[in-house]
Amino acid sequence: MPISNQRVSTRPFLRGLYDDGYYPDHVVDRGRALLLALCERIERERPAGLAALYVLTQAATEEFNDLQAAFEAAGSEIETVAREEMAEDVAFVASAYGFPDADVEELLATREW
């Protein structure tokens, strides 16, 4: 399903990680794919409120948790820069889909990083 939200479709997700050689592109690509899948799910399910949005973002966050092993296997990890970049992109997604007041900590409540 192509993303219809123009702001989202042109967003260079995880750009800071791509620009930093510490983060292997093939793992960052998986993170970017998770963000795009989150956007597709939001467009498909159209959450009616913050509680419904949080269910979707927290599910995506659990998938990000699973990427930690891939980062470690590639000699990297989800540390401060990566955490901030991921949080910023998830907050952007929430805002782009009409939830500018979403609490970032609640969006990512299931994170283990």
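**Entry 1: the whole chain**

I began with burial, and found that buried residues make up 43% of the 113 residues in the protein. A reminder to myself: this is a predicted model. Next I looked up the secondary structure and got 6 helices and 0 strands. Read from the N terminus, the order is α-α-α-α-α-α. The radius of gyration came out at 13 Å, close to the 13 Å from the globule rule for 113 residues, so the protein is as compact as a globular protein of that length. I also took the extent of the C-alpha trace along its principal axes, which is about 40 × 25 × 20 Å. For contacts with a separation of 6 or more, I found that 71% join residues 24 or more positions apart.

**Entry 2: helix 3**

I checked the length of helix 3 against the ideal rise. Its 21 residues should span 30 Å at 1.5 Å a residue, and its end C-alpha atoms are 30 Å apart, which agrees. Then I listed its buried residues: Val27, Val28, Gly31, Leu34, Leu35, Leu38, Cys39, Ile42 and Glu43. Their cover includes helix 1, helix 2, helix 4 and helix 5. Right after helix 3 comes Arg46, and I noted its positive phi, near 45 degrees.

**Entry 3: helix 5**

I ran the length check again on helix 5. With 17 residues at 1.5 Å each, helix 5 should span 24 Å, and its end C-alpha atoms are indeed 24 Å apart. Its buried residues are Ala82, Glu85, Met86, Ala87, Asp89, Val90, Phe92, Val93, Ala94 and Ala96. I looked at what covers them and found, among others, helix 1 (6-9), helix 2 (15-18), helix 3, helix 4 and helix 6 (104-107). Just past the end of helix 5, Gly98 has a positive phi of about 95 degrees.

**Entry 4: the core**

Nonpolar side chains tend to be buried together in soluble globular proteins, and I wanted to see that here. The largest nonpolar core has 36 residues, and those touching the most other members are Val8, Phe13, Phe71, Met86, Val93, Tyr97 and Leu107. Helix 3 (25-45), helix 4 (50-73) and helix 5 are the elements that give two or more residues to this core. I picked Val93 for a closer look: beyond its neighbours within four places in sequence, Val93 is in contact with Phe13, Leu38, Cys39 and Ile42.

**Entry 5: salt bridges**

Side chains of opposite charge can pair when their charged atoms come close. I counted 5 salt bridges in the structure. One of them joins Glu88 to Arg11, with the closest N and O atoms 3.6 Å apart. This pair links distant parts of the chain, since Glu88 is in helix 5 and Arg11 is in the loop between helix 1 and helix 2, 77 residues apart. Glu88 is partly exposed, at a relative accessible area of 49%. I also found that Arg11, Glu88 and Asp89 are linked in a network of salt bridges.

Another bridge is between Arg41 and Glu45, at 2.8 Å from N to O. Both residues lie in helix 3, 4 residues apart, about one turn of the helix. I looked up their accessibility too: Arg41 is partly exposed at 29%, and Glu45 is partly exposed at 39%.

I noted one more, Glu105 with Arg111, at 3.1 Å from N to O. Arg111 counts as partly exposed, at 26% relative accessibility.

**Entry 6: a charge without a bridge**

Which side chain of opposite charge is nearest to Glu85? I found Arg11, 6.1 Å away. A salt bridge needs the nitrogen and oxygen within 4 Å, and Glu85 is buried yet has no salt bridge. Glu85 sits in helix 5 (residues 80-96). Leaving out residues up to four places away in sequence, Glu85 touches Leu14, Arg15, Gly16 and Leu17.

**Entry 7: Ala102**

Last on my list was Ala102, in the loop between helix 5 and helix 6. Is Ala102 buried or exposed? At 14% relative accessibility, Ala102 counts as buried. Its contacts, not counting residues up to four places away, are Leu50, Leu53, Tyr54, Ala94 and Leu107. I also took the C-alpha to C-alpha distance from Ala102 to Ala91: 7.4 Å, with the two residues 11 apart in sequence.

Conventions: Residues numbered from 1 in each chain as written. Predicted model: local features only at pLDDT ≥ 70, side-chain atom pairs only at ≥ 80, totals over all residues. Heavy atoms only, no water. Buried < 20%, exposed > 50% of the residue type's maximum accessible area, 1.4 Å probe, protein only. Lys, Arg positive; Asp, Glu negative; His and termini not counted. Contact = heavy atoms within 4.5 Å. Core = buried A, V, L, I, M, F, W, Y, C linked by side-chain atoms within 4.5 Å. Expected span 1.5 Å × (residues − 1). Rg over C-alpha atoms; globule rule 2.2 N^0.38 Å.
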